[in-house]
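Subject: Structure for your review

Dear colleague,

Please find below the structure that I am handing over to you. My notes on what was found in it follow directly after.

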Amino acid sequence: MTPTAALPASPASPVCEGLLTGLVLRCARGETQALGTLFDLTYALVAATLRRRIAAEATEDVLVEVFQDVWRSAPAFRPGRQAPLAWLLGIAEAAVGPRPALVAS
């Protein structure tokens with residue numbers, strides 16, 4: 001997947017939060033197009049978050065794992081308990097957790 005868009009507003013804005021929530025809920029229903037859109041909208045932010053913690057050459061592989069985890073975890077997402085972007089970045093942080101040898105220097 002290649003990112004084609006950026007978030008339409010601040011990731012914390014109610015409009016953006018609503019859009020991301022809707023996409024995660026659609027992923028939970030098995031809509032693969034929603035995962036692609038979620039990827040396109042959040043790729044740059046997730047990649048930047050990962051690059052702060054792991055070597056640049058590992059970023060793409062971990063990104064794939066993150067969005068696979070997003071797909072698998074989407075049914076457990078509960079709107080209102082956590083912001084969708086915080087939930088997504090939490091998955092990214094968890095994906096980095098077991099990789100201490102890949103921490104960027």
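Which residue just after α1 takes a positive phi? That residue is Gly30, with a phi of about 90 degrees. Please bear in mind throughout that this is a predicted model.

**Overall picture**

The secondary structure of the protein chain consists of four helices and zero strands. Along the sequence, the pattern therefore reads α-α-α-α, each symbol being one run of helix. The chain has 105 residues, and 39% of them count as buried. Among its contacts with a separation of 6 or more, 63% are between residues 24 or more positions apart.

**Helix α1**

Helix α1 covers residues 14-28. At 1.5 Å a residue, its 15 residues should span 21 Å, and the C-alpha atoms at its ends are indeed 21 Å apart, so expectation and model agree. The buried residues of this helix are Cys16, Leu20, Thr21, Leu23, Val24 and Cys27. Viewed down the axis of α1, these buried residues fall within an arc of 165 degrees, so they line one face of the helix. A general point helps here: an α-helix has 3.6 residues a turn, so residues three or four places apart point the same way. The face of α1 turned away from the buried side carries Pro14 and Val15, which are exposed.

What do the buried residues of α1 pack against? Their partners are α2 (32-51), α3 (59-73) and α4 (84-96).

**How α1 meets α2 and α4**

In general, two packed helices are described by the angle between their axes and the distance between the axes. For α1 and α2, the angle is about 145 degrees and the axes are 8 Å apart. The crossing of these two helices is left-handed. On the α1 side, the contact is made by Leu19, Leu20, Leu23, Val24, Arg26 and Cys27. On the α2 side, it is made by Gln33, Ala34, Leu35, Thr37, Leu38, Leu41 and Thr42.

The axes of α1 and α4 come within 8 Å and cross at roughly 55 degrees. This angle makes α1 oblique to α4. Glu17, Leu20, Thr21 and Val24 of α1 make the contact, together with Pro84, Leu85 and Trp87 of α4.

**Helix α3 and its packing on α4**

Helix α3 also has 15 residues. From its first C-alpha to its last it reaches 20 Å, close to the 21 Å expected at 1.5 Å a residue. Its buried residues are Thr59, Val62, Leu63, Val66, Phe67 and Val70. Seen down the axis of α3, they fall within an arc of 135 degrees, so they line one face of the helix. On the other side of α3, Asp61 and Arg72 are exposed. What covers the buried residues of this helix includes α2 and α4.

At what angle do α3 and α4 pack? The angle is about 125 degrees, and the axes are 9 Å apart. That makes α3 oblique to α4. The crossing of the two helices is right-handed. From α3, the contact is made by Val62, Val66, Phe67, Asp69, Val70 and Ser73. From α4, the residues are Trp87, Leu88, Ile91, Ala92, Ala95 and Val96.

**Two residues to look at: Leu35 and Phe67**

Leu35 is found in helix α2. Is this residue buried or exposed? Leu35 counts as buried because its relative accessibility is 12%, and the cut-off for buried is under 20%. Leaving aside residues up to four places away in sequence, Leu35 touches Cys27, Phe67, Val70 and Trp71. Leu35 and Leu25 are 10 residues apart in sequence, and their C-alpha atoms are 9.9 Å apart in space.

Phe67 is found in helix α3. At 5% relative accessibility, Phe67 counts as buried. With the residues up to four places away in sequence again not counted, Phe67 touches Leu35, Leu38, Phe39, Thr42, Val46 and Leu88. Phe67 and Ala92 are 25 residues apart in sequence and 8.5 Å apart in space, C-alpha to C-alpha.

With kind regards

Terms used. Residues are numbered from 1 along each chain as its sequence is written. This is a predicted model: local features need pLDDT of at least 70, side-chain atom pairs count only at pLDDT 80 or more; totals for chains, interfaces and linings use all residues. Side-chain values use heavy atoms; hydrogens and water are left out. The expected span of a helix is 1.5 Å times one less than its number of residues. Buried means under 20% relative accessible area, exposed over 50%, partly exposed in between (1.4 Å probe, protein chains only). The arc is that of the directions from the helix axis to the C-beta atoms. Contact means heavy atoms within 4.5 Å. Axes are lines fitted to C-alpha atoms, for helices over the stretch in contact, and angles run from 0 to 180 degrees between N-to-C directions. Angles under 35 degrees count as roughly parallel, over 145 as roughly antiparallel, 65 to 115 as roughly perpendicular and the rest as oblique. A crossing is left-handed if the near helix is turned anticlockwise from the far one by less than a right angle, and right-handed if clockwise.
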